[in-house]
Amino acid sequence: MRRPGRLISLAVLAVLALTACSTGGGGRTPLCTSSGDGVFVLLAQSVPSATRLPCVAEFPAGWSFGGSNISSGLGRFWLDSDRGGIHAVEVSLRRSCDTAGAIEEQPAPDEANTRVFVRPDSLNPSFTGVRFLLFEGGCIDYTFNFASGASSTLAIEAIEALSLLPRATIVAEVHDATGLSLCGAGAPPCAG
Amino acid sequence: MTMDATRPAGNPAQIDHPRIPARVPPRRRPSGEPPPLPHHLGRTGKFWLIMVAYFVITAIGVLTFPTFLRFFERWDTERLRWLVSIRTPWLTKMALAVNVLTTSWVIRLLRWGTFAALIAFRRWRHLFVFIGAIIVLELLTYQLGLGIGRGRPLGVTILTSWTGYSTPSQPVASLAITLIGMAYTLVVPGKHRYQAKWAIGIILVAVCFSRMYLAVDQPTAATFGAILGVAVGLTAFRWFTPNDVFPVTYRRGKSAHLDVGGARGEAIVRAAKDQLGLDVVAIKPVGLEGSGGSTPLRMTVATSDDEPDRYVFAKLYAKNHVRADRWYKLGRTILYGALEDETPFGTVRRFVEYEDYTLRLMYDEGLPAPKPYGIVEITPEREYMIVMEFFDDAVEIGDAEVSDHVIDEGLDLVRRMWDIGLAHRDVKPANLMVQNDELRLIDVFFVQVRPSPWRQAVDLANMMMVLALRTDAPRVYEHALQYFTPDEIGEAFAATRGVASPTQLRSLMKQHGVDLVAEFRDLAPPHPPIRIQRWSVRRVVLTLWVLLMAFLAVSLIISNWNAFA
């Protein structure tokens, strides 16, 4: 008779290894339409002074959510692309950004009240560059790092996919859900 | 070849096996009555598992019903606000200092230190269980954190850095499983481990308090993390490295030996009385050095008022012995192919049933093996004991005077096994006893019926080498010619090399500094070497399977490397 315990252990090991199940990658997608999701609370807490939070408006064809890593002082998530490659765009929320060497350009309609800077780093053999969005209390940068041979026009797709969410929206959501204050910009002062 | 007329064949009637009468009638265990040694996870283990279940159910409730979330957030915030109200600069410094214990470099230092110690002590099973438990916990906390998706505390100012979702608290869980792992792999069970557990409890309470004080974790998140870390660690170590089967000890000895004191000792006495009617008054482990596959015991049995107490010999088998046998056979199959029957046993019951069968077979054939008294069930499907005759005043052949009579008996024993169609497969000094100038054969677990000619030849060579260790090769060879033809002896030493001889025999020959194989080969007629490598589809598939499993295990560790480095 086969031992089910041993088979189950082997199966779990195989599944875990083959699916590369690990403590990195994956995560909750910060969709602009799901402002009640816990990922926005965590993003807002990572940079409490930031009045805007990055989010994904919609995924263009071939794009998907790669993963996130949010900690105090830095909220990061990244998108993968079937043409641009894994980790094609990384979005980071920080207290401030170093825009040295970047050129200011007009913000897109959903980037109102921000200052936008771009710094293309290289075009060949692969496109790399950074787009900075500066606003009151924080900064968001989109770092493009496309696979070799991928068109730089993919950056336009990525910029269209990404958007901003006012922190005030999350503050209100949290207050409605718990009656508590999400410490930081747009919220009453917190204890301690 | 007809040698029966000339050789001094043994006579079954010559062996005087003592009779151990059942002092009390056996008693059938009624339905529903627990076995002599019930298997249980332990009260604390159950407690921690219940706590984990409670938290998981609560988490599901929070995710399903928003009212729950509101309740928990408010409850947590009230506690944190109270802690914030007692904040002072020195208390904050102290909390930050305690919180250093949860930093990744401290946890990695503790983990790698433990790994190094386990490698140094060659405690491989504990090492693998520890690594496995860490991976499972890291995946569990990560996935639970994502699933619950709870942010950091609300309504209070956070005083230190953090990473990721709050519930369960990953740093607290990591520290908890690391400390539990250290206690269960490095600290000897008993008073010291008890003290270690208290120390862990105090450390975790201090760490949870400091993280709540710093408002980096909610009370429920920190508690959940601590409970999860402890529960995963406890369950893993209690399940896969139970103290009584894999004891943490700094004494020399083999880990296969079970502790026969305490609850197990009482269970053995009760079980022997109920199942065999034997009134055991003392249990003493014996011959541990020569036995790695079981726990050998000498038990003193009360007979009747006008007779002195008698000894019986018993071998205690547990699941780890079955696993060890399975790994041993797997290793042999990969290294050498199927030299002989390498089919592993499925259960401890089958294991002990087979030894009982071989004992009875040897006994029925009149070979000088112990008389079997029966099997005793200690814990169903987990632990069994086989009871047999104890050879009073017998000494291991390595320490005995080996006379011409003993040499003849050893050679005759092999001849008779050849004639019957048996092979002992573990002929070594630890399994040959001399009792009043009579040779006795013990440990018949490896006996095989209708073995390969190769294995029979190896039995002969091993027997001749054991006998020559206490005498000399020419003398043994001269005696052997009475039982075997020169060609058979030549074949035996052509078949014997390396793995064919038991480890104890090989190491004794090394100690004595004699190359007995070469000496016997010089004495016997030349025989072409018999190859011991056997190639088959099964061997190739097994090797590939083991490599695949090793690759998957390494992949899992690499994909979770951030938990270790």
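This is a short tour of a predicted two-chain model, stop by stop.

Before you click: residues count from 1 along each chain as its sequence is written, and chains are lettered from A and ligands numbered from 1 in the order in which they are written. Local features need pLDDT of at least 70, side-chain atom pairs count only at pLDDT 80 or more, while totals for chains, interfaces and linings use all residues, and side-chain values use heavy atoms, with hydrogens and water left out.

**Stop 1: colour chain B by domain.** Select 43-246 for domain 1, 262-389 for domain 2, 395-523 for domain 3 and 535-565 for domain 4; these bounds come from an automatic or database domain assignment. Between the C-alpha centres of domains 1 and 3 of chain B you'll find 58 Å.

**Stop 2: the largest nonpolar core.** Here a nonpolar core is a set of buried Ala, Val, Leu, Ile, Met, Phe, Trp, Tyr and Cys residues joined through side-chain atoms within 4.5 Å. Buried means under 20% relative accessible area, exposed over 50%, and partly exposed in between (1.4 Å probe, protein chains only). Show M464(B) and F520(B), which touch the most other members of this 70-residue core. Helix α13 of chain B (453-470) gives the largest share, 12 residues; helices (H or I, at least four residues) and strands (E, at least two) are DSSP runs, numbered from the N terminus. Domains 2 and 3 of chain B both contribute residues, so the core lies between them.

Stay on F520(B) and bring up its contacts (heavy atoms within 4.5 Å). Beyond four places in sequence, these are M464(B), M465(B), A468(B), A473(B), V476(B), Y477(B) and F493(B). A separate core of 51 residues includes A117(B), L118(B), V172(B) and F237(B).

**Stop 3: where the chains meet.** Each side is easy to pick out: 38 residues from chain B and 38 residues from chain A take part. About 3100 Å² is buried between the chains, 63% of it on carbon and sulfur atoms; buried area is the accessible area (1.4 Å probe) that two parts lose on being put together, summed over both. Light up Y142(B), L154(B) and W162(B), which supply 20% of what chain B buries here, more than any other three residues. Then try α2 (66-85), α5 (124-148) and α18 (537-559) of chain B, each with at least two residues on the side touching chain A.

How many salt bridges cross the interface of chain B and chain A? The rule (a side-chain nitrogen of Lys or Arg within 4 Å of a carboxyl oxygen of Asp or Glu) finds zero there.

**Stop 4: salt bridges inside the chains.** In chain A, select R94(A) and D141(A), whose closest N and O atoms are 2.9 Å apart. R94(A) sits in strand β4 (85-94) and D141(A) in strand β8 (138-145), 47 residues apart. R94(A) is partly exposed at 30% relative accessible area, whereas D141(A) is buried at 4%.

Back in chain B, R152(B) and D217(B) form a salt bridge at 3.0 Å, N to O, and both are buried. Next, pair E488(B) with R415(B), at 3.4 Å, N to O. E488(B) is in helix α15 (486-495) and R415(B) in helix α12 (404-420), 73 residues apart; both are buried.

For a last view, show R29(B), R349(B), E377(B) and E381(B) together: salt bridges link them in a network.
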